[in-house]
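Grab a coffee and work through these exercises with the model open beside you. Each one sets a task and then walks through a solution.

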Amino acid sequence: MANKIIDATLRFVDNFTKPMNKALGTMARHSSEFTKAGKNITKTGKNIQKVGSSLTKTATVPIVGMGVAAVKTAADFESGMSKVQSISGASGKNMGKLTEKAKEMGAKTKFSASESADAFSYMAMAGWKTKDMLKGIEGTMYLAGATGEDLAQTSDIVTDSLSAFGLKAKDTNRFVNVLAKTASSSNTDVGKMGESFKYVAPAAGALGYSVEDT
């Protein structure tokens, strides 16, 4: 009877041990795989963090730069229009018209709104009123764009020369067409003509010569 109990016990232990050892072996292998997977996940996480950091620098820095540039552009425009108001003495309503016109010209020409404001400054210094500036800005910007001249300098030339020839702001388109045609068909440019007009235009205007004749 004792032998039967011992034999049964040994069979039970043997039958239990083999599956248990197999199970433990499987768990050990899985544990190794889990550890390996964990290391891979950690490595991947570090790579993702590195990529994220790189993307942050790549994306954020230009965005910040654009923001700074936009703020500076807006500040330059406001400064330019404040200068126009100071010189011209334009009222709030008239300043609104000039501001909108500067923005409009900045949107539809090669020049910025800030450059339009600079052009208005020269017109104001020449004594032009709001309605004169609104009439003359498009022709002036057309001339500068067509000839590649600096807008502010072109504005200075146009306003001074018109006055010297006894012309008004409403004659701006006529005047700039003459200058553009002359620059394109002779060995000169708007800048040189502007410099010449400083000396010639007052005398020519006083003698009754037109800008075309001159």
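**Exercise 1. Find the largest nonpolar core and the elements that build it.**

Step 1. The largest nonpolar core holds 40 residues, and those with the most contacts inside it are Leu98, Phe120, Phe165, Phe175 and Leu179. A nonpolar core here is a set of buried Ala, Val, Leu, Ile, Met, Phe, Trp, Tyr and Cys residues joined through side-chain atoms within 4.5 Å. Buried means under 20% relative accessible area, exposed over 50%, and partly exposed in between (1.4 Å probe, protein chains only).

Step 2. Two or more residues of this core come from each of helix H1 (2-88), H2, helix H3 (113-125), H4, helix H5 (151-164), helix H6 (172-185) and helix H7 (190-206). Helices (H or I, at least four residues) and strands (E, at least two) are DSSP runs, numbered from the N terminus.

Step 3. Now look at Phe165. Beyond its neighbours within four places in sequence, Phe165 is in contact (heavy atoms within 4.5 Å) with Phe175, Phe197, Ala201, Ala204, Gly205, Tyr209, Ser210, Val211 and Thr214.

A word on the ground rules: this is a predicted model, where local features need pLDDT of at least 70 and side-chain atom pairs count only at pLDDT 80 or more, while totals for chains, interfaces and linings use all residues. Residues are numbered from 1 along each chain as its sequence is written, and side-chain values use heavy atoms, with hydrogens and water left out.

**Exercise 2. Sum up the whole chain.**

Step 1. Count the secondary structure: there are 7 helices and 0 strands. Along the sequence that reads α-α-α-α-α-α-α.

Step 2. Check burial: of the 214 residues in the chain, 29% are buried.

Step 3. See how far the contacts reach. Take the contacts between residues at least 6 apart in sequence: 61% of them join residues at least 24 apart.

**Exercise 3. Check the length of H2 and sort out its faces.**

Step 1. Helix H2 (residues 92-108) has 17 residues, so at 1.5 Å a residue it should span 24 Å, and its end C-alpha atoms are indeed 24 Å apart. The expected span is 1.5 Å times one less than the number of residues.

Step 2. List the buried residues of H2: Met95, Leu98, Thr99, Lys101, Ala102 and Met105. Viewed down the axis of H2, these buried residues fall within an arc of 165 degrees, so they line one face of the helix. The arc is taken from the directions from the helix axis to the C-beta atoms.

Step 3. Turn to the face directed away from the buried side of H2: it carries the exposed residues Gly92, Lys93, Glu100 and Ala107.

Step 4. Here's the general background. An α-helix has 3.6 residues a turn, so residues three or four places apart point the same way.

**Exercise 4. Which residues do Lys101 and Ala102 touch, not counting residues up to four places away in sequence?**

Step 1. Lys101, found in H2, is buried with a relative accessible area of 13%. Lys101 touches Phe120, Leu134, Ile137 and Glu138.

Step 2. Ala102 is also in H2, and is buried at 0%. Ala102 touches Phe77, Met81, Ala113, Ser116 and Phe120. From Ala102 to Met81 is 21 residues in sequence and 8.9 Å in space, C-alpha to C-alpha.

**Exercise 5. Describe how H2 and H4 pack.**

Step 1. H2 and H4 pack at an angle of about 10 degrees, with their axes 10 Å apart. That makes H2 roughly parallel to H4.

Step 2. The contact is made by Asn94, Lys97, Leu98, Lys101, Glu104, Met105 and Lys108 of H2, with Thr130, Met133, Leu134, Ile137, Glu138 and Met141 on the H4 side.

Step 3. For the conventions: axes are lines fitted to C-alpha atoms, for helices over the stretch in contact, and angles run from 0 to 180 degrees between N-to-C directions. Angles under 35 degrees count as roughly parallel, over 145 as roughly antiparallel, 65 to 115 as roughly perpendicular and the rest as oblique.

**Exercise 6. Are Thr140 and Ser155 buried or exposed?**

Step 1. Thr140 lies in helix H4 (residues 130-147) and counts as buried at 0% relative accessibility.

Step 2. Ser155 lies in H5 and counts as buried at 0% too.

Step 3. Follow the contacts, leaving aside neighbours within four places in sequence: Thr140 meets Met123, Leu151, Thr154, Ser155, Val158, Thr172 and Val176. Ser155 touches Ala119, Tyr122, Met123 and Thr140, with residues up to four places away not counted.
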